[in-house]
Amino acid sequence: SFVLGELWFVTQVFLGGELKEYDLIYTRHEWIVWALSLLMSPKKIVWESHEAKYSLPARQIFKKGIRTVVISKGIYDFYTDKGVSPKKMLIADDAIDESFFAEQIDKVSSRHNLGLSQDDQVVMYIGGLAQWKGIDTFLKASGHVPNATFVVIGGIDTEIDAFQKKYPDVKFLGQKPYKHLASNQKAADV
């Protein structure tokens with residue numbers, strides 16, 4: 001259903017005429033890249049590969065010579081071993097910015113900044129609230145650990161509202177700036 005949804009999206013964009021307005025389409029979804037390559041020049045498409053995939057759409061992408069950005073040397077090596085031209089790939093490492101972790105903050109200050117108790121055991125989730133990330137498992141676990149405070153950082157208001165109704169004992173703090181990630185992590189025991 002996911003692939004069909006992506007193809008439906010591409011079809012609607014193409015039928016609406018929006019594709020003609022862009023000089024370049026850049027996406028990390030290989031099915032979208034493959035579908036777009038049927039509708040427009042491969043020179044106007046860039047695929048960002050986050051995994052070493054050699055699926056049907058990936059093979060078609062390489063066969064058509066679509067430029068590809070890979071996020072690691074390992075993925076680059078995987079594709080070159082499959083015969084993909086290095087001239088059609090660029091490595092753009094997907095990694096953390098270590099400067100975000102340079103600030104040394106202690107647990108007491110971090111908890112104070114987030115409005116959390118200094119005495120509780122804190123179990124924390126930081127990230128998007130999409131189901132595939134495991135947020136449901138995290139939230140269900142909150143009902144099985146009565147002596148801990150479960151804290152969620154991330155999500156959009158509608159997601160938070162829905163989860164807050166279902167899990168009233170979980171503290172939902174909303175989105176926080178990425179630059180505070182290390183500090184926020186320091187507040188957690190787990």
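Two strands are said to pair if DSSP finds at least two bridges between them. With that in hand, the sheet around strand β3 of this predicted model is a good place to start. Strand β3 (residues 67-70) and strand β4 (residues 89-91) pair in the parallel sense over 3 bridges, and within this pairing Val70 stands opposite Ile91 in β4. The connection between the two strands is made by a helix: β3, α4 and β4 form a right-handed β-α-β unit. β3 also pairs with β2, again in the parallel sense, over 4 bridges. Here Glu48 is the residue that stands opposite Val69 in β3. The path from β2 to β3 leads through α3, and this β-α-β crossover is right-handed.

The elements of this region also contribute to a nonpolar core. The largest such core in the model has 18 residues, and Trp47 and Tyr79 are those with the most contacts inside it. At least two residues each come from α2 (30-39), β2 (45-49), α3 (56-63) and α4 (73-81). Another core lies apart from this one; it has 14 residues, including Tyr125, Val152, Ile160 and Phe163. In soluble globular proteins, nonpolar side chains tend to be buried together.

Attention now turns to strand β6. All 6 of the 6 residues in β6 (residues 148-153) are buried. In a regular strand the side chains alternate between the two faces of the sheet. In β6, Ala148, Phe150 and Val152 point one way, while Thr149, Val151 and Ile153 point the other way, and all are buried. On one side of the pairing scheme, strand β5 (residues 121-126) runs parallel to β6 and is joined to it by 6 bridges. Tyr125 stands opposite Val152 in this pair, and the chain crosses from β5 to β6 through helix α6 (residues 135-141) in a right-handed β-α-β crossover. β6 is also joined by 3 bridges to strand β7 (residues 171-174), and these two strands run parallel. Val151 has Lys171 in β7 as its bridge partner. The β6 and β7 strands, together with helix α7 (residues 157-166), make a right-handed β-α-β unit.

Near the start of the chain, Glu6 deserves a short look. This residue lies in helix α1 (residues 2-15). Its relative accessibility is 7%, so Glu6 counts as buried, the cut-off for that class being under 20%. Leaving aside neighbours within four places in sequence, Glu6 is in contact with His29, Trp31 and Ile32. Glu6 is 63 residues away from Val69 in sequence, and their C-alpha atoms are 20 Å apart in space.

Finally, the chain can be viewed as a whole. It contains 8 helices and 7 strands. Its radius of gyration is 22 Å, well over the 16 Å that the globule rule gives for 190 residues, so the chain is more spread out than a compact globule. The C-alpha trace spans about 60 × 35 × 30 Å along its principal axes. Of the 190 residues, 35% are buried. Among contacts between residues at least 6 apart in sequence, 46% join residues at least 24 apart. The chain exposes about 11900 Å², and carbon and sulfur atoms supply 55% of that area.

Methods
Residues are numbered from 1 along each chain as its sequence is written. This is a predicted model: local features need pLDDT of at least 70, side-chain atom pairs count only at pLDDT 80 or more; totals for chains, interfaces and linings use all residues. Side-chain values use heavy atoms; hydrogens and water are left out. A nonpolar core is a set of buried Ala, Val, Leu, Ile, Met, Phe, Trp, Tyr and Cys residues joined through side-chain atoms within 4.5 Å. Buried means under 20% relative accessible area, exposed over 50%, partly exposed in between (1.4 Å probe, protein chains only). A crossover is right-handed if, with the strands pointing away from the viewer, the path from the first strand over the helix to the second runs clockwise. The radius of gyration is taken over C-alpha atoms; the globule rule is 2.2 Å times the number of residues to the power 0.38. Contact means heavy atoms within 4.5 Å. Accessible areas come from the Shrake-Rupley method with a 1.4 Å probe; for residues, only the protein chains shown count as cover.
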